[in-house]
Amino acid sequence: MPPVAPPHPQPPPGAKPRQPFSLFRCIAITLLTLLIIVGLVVLIIWLVLKPHKMVYSIENSSIHDYNLTNNNHLSANFNFTIRAYNPNKRVSIYYDNIEVKLFFNSQPIAFNNNVEPFYQPRRNVTHMNVSLPANDVALYGDIAHDFKTERSGGGVEVEVKIRAKIRFKVGAWKSNHRKLKILCTPRVNFSNSRKNSKSFPCDVDI
């Protein structure tokens with residue numbers, strides 16, 4: 001008589017049966033591993049390149065065709081020269097979809113959505129000449145009063161806000177678009193003789 005095989009041990013009461021290793025779990029672990037590897041590669045490249053923050057400033061500013069009516073409607077042409085410095089040795093930059101807005105006491109008074117996109121090489125200084133026309137803009141309440149007060153002092157302090165989509169280029173590799181935000185607070189003089197050539201540094205956020 002052949003020997004009888006011992007019965008399989010039964011799981012203890014209340015124990016959940018072991019599930020086979022699912023295909024979904026395998027795919028999830030593989031994707032997670034790939035994401036970690038890609039992240040480490042990007043981090044290593046970033047550390048090797050040691051990118052420096054770009055530097056921006058307003059070098060020249062002027063006002064032309066200024067007129068403020070009795071009912072506080074402003075017309076003027078504000079002109080700025082914006083200096084963009086890329087200090088990086090290996091990273092060049094594409095500037096796309098550039099938008100510039102002008103504010104006084106947080107009120108928008110002029111904008112320009114047609115600034116020409118450009119490519120900035122490594123260790124390069126580029127100057128952008130931007131014209132911001134204010135066309136019959138109503139200044140309300142205290143804003144009109146403050147504008148007149150600063151105007152009587154020979155100049156007004158404004159906010160220039162720049163928004164752009166940029167891409168970084170290293171060798172043949174190009175990054176996806178990133179949002180660039182620049183804030184400058186120059187004082188614009190009301191002088192018919194020459195531009196205000198004082199440099200005003202800008203804050204940068206990427």
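Select Asn-72 to begin, in what is a predicted model, and look at the loop between β1 (55–68) and β2 (73–86), where this residue is found. Asn-72 has a relative accessible area of 18%, and because the cut-off for burial is under 20%, the residue counts as buried. Its backbone deserves attention as well, since phi of Asn-72 is near 65°, a positive value in a residue other than glycine. Most residues other than glycine have a negative phi.

From this loop, move into strand β2 and select Ile-82. Ile-82 is buried, with a relative accessible area of 0%. With residues up to four places away in sequence left aside, Ile-82 touches Ser-57, Ile-58, Thr-126, His-127, Met-128, Val-130 and Ile-162. If you then draw a distance from the C-alpha of Ile-82 to that of Glu-59, the viewer should give 6.1 Å, for two residues that stand 23 apart in sequence.

Stay in strand β2 and select Asn-86. Here too the relative accessibility is 0%, and Asn-86 therefore counts as buried, the cut-off being under 20%. Which residues does Asn-86 touch, not counting residues up to four places away in sequence? The list comprises Met-54, Val-91, Ser-92, Ile-93, Gln-120, Pro-121, Arg-122, Arg-123 and Asn-124. A further distance to draw runs from Asn-86 to Thr-126, which are 40 residues apart in sequence and 8.5 Å apart in space, C-alpha to C-alpha. Thr-126 has already appeared on this tour, as one of the residues that Ile-82 touches.

Next, select β3 (92–104) as a whole. This strand is mostly covered, with 10 of its 13 residues buried. Its pairings can be followed one strand at a time:

- Show β8 (159–170) beside β3, and note that the two run antiparallel and are joined by 10 bridges; within this pairing, Tyr-94 has Arg-167 in β8 as its bridge partner.
- Show strand β5 (residues 118–120), which also runs antiparallel to β3 and is joined to it by three bridges; in this case the bridge partner of Tyr-95 is Phe-118.
- Show strand β4 (residues 107–115), which pairs with β3 in the antiparallel sense over six bridges; among the residues to pick out here is Phe-103, which stands opposite Pro-108 in β4.

Now centre the view on the hairpin of β3 and β4, where two residues lie between the strands. Asn-105 takes a positive phi near 50° in this hairpin. Select Ser-106 too, which is found in the loop between β3 and β4 and has a phi near 75°, again a positive value in a residue other than glycine. Is Ser-106 buried or exposed? At 57% relative accessibility Ser-106 counts as exposed, because the cut-off for that class is over 50%, whereas Asn-72, the starting point of the tour, is buried.

Turn next to the interior. Rolling a probe the size of a water molecule over the atoms shows where empty space is left. For this protein the count comes to one cavity of 30 Å³ or more, and the largest cavity has a volume of about 30 Å³. To display its lining, select Tyr-56, Tyr-95, Ile-98, Met-128, Ile-162, Ala-164, Leu-180 and Ile-182. The elements that give two or more residues to this lining are β3, β8 and β10 (178–184). By class, the lining has eight nonpolar, no polar and no charged residues. Several names recur from earlier stops: Tyr-95, part of the lining, is the bridge partner of Phe-118 in β5, while Met-128 and Ile-162, also in the lining, are among the residues that Ile-82 touches.

Finally, clear the selections and colour the whole protein by secondary structure. There are two helices and 12 strands, and from the N terminus on the elements run α-β-β-β-β-β-β-α-β-β-β-β-β-β. Of the 206 residues, 34% count as buried. Among contacts between residues at least 6 apart in sequence, 71% join residues at least 24 apart; the contact of Ile-82 with Ile-162 can be shown once more at this point. With a surface display switched on, the accessible surface comes to about 13900 Å², of which 57% belongs to carbon and sulfur atoms.

Definitions and conventions:
Residues are numbered from 1 along each chain as its sequence is written. This is a predicted model: local features need pLDDT of at least 70, side-chain atom pairs count only at pLDDT 80 or more; totals for chains, interfaces and linings use all residues. Side-chain values use heavy atoms; hydrogens and water are left out. On a 1 Å grid over the protein atoms alone, a cavity is a set of points where a 1.4 Å probe fits but cannot get out, and a pocket is an open set with protein on both sides within 12 Å along at least five of seven lines; lining residues have an atom within 4 Å of a point. Grid points are joined across faces, edges and corners, and a volume is the space filled by probe spheres set on the points. Helices (H or I, at least four residues) and strands (E, at least two) are DSSP runs, numbered from the N terminus. Ala, Val, Leu, Ile, Met, Phe, Trp, Tyr, Cys and Pro count as nonpolar, Asp, Glu, Lys and Arg as charged, and the others, Gly among them, as polar. Buried means under 20% relative accessible area, exposed over 50%, partly exposed in between (1.4 Å probe, protein chains only). Contact means heavy atoms within 4.5 Å. Accessible areas come from the Shrake-Rupley method with a 1.4 Å probe; for residues, only the protein chains shown count as cover. Two strands pair if DSSP finds at least two bridges between them.
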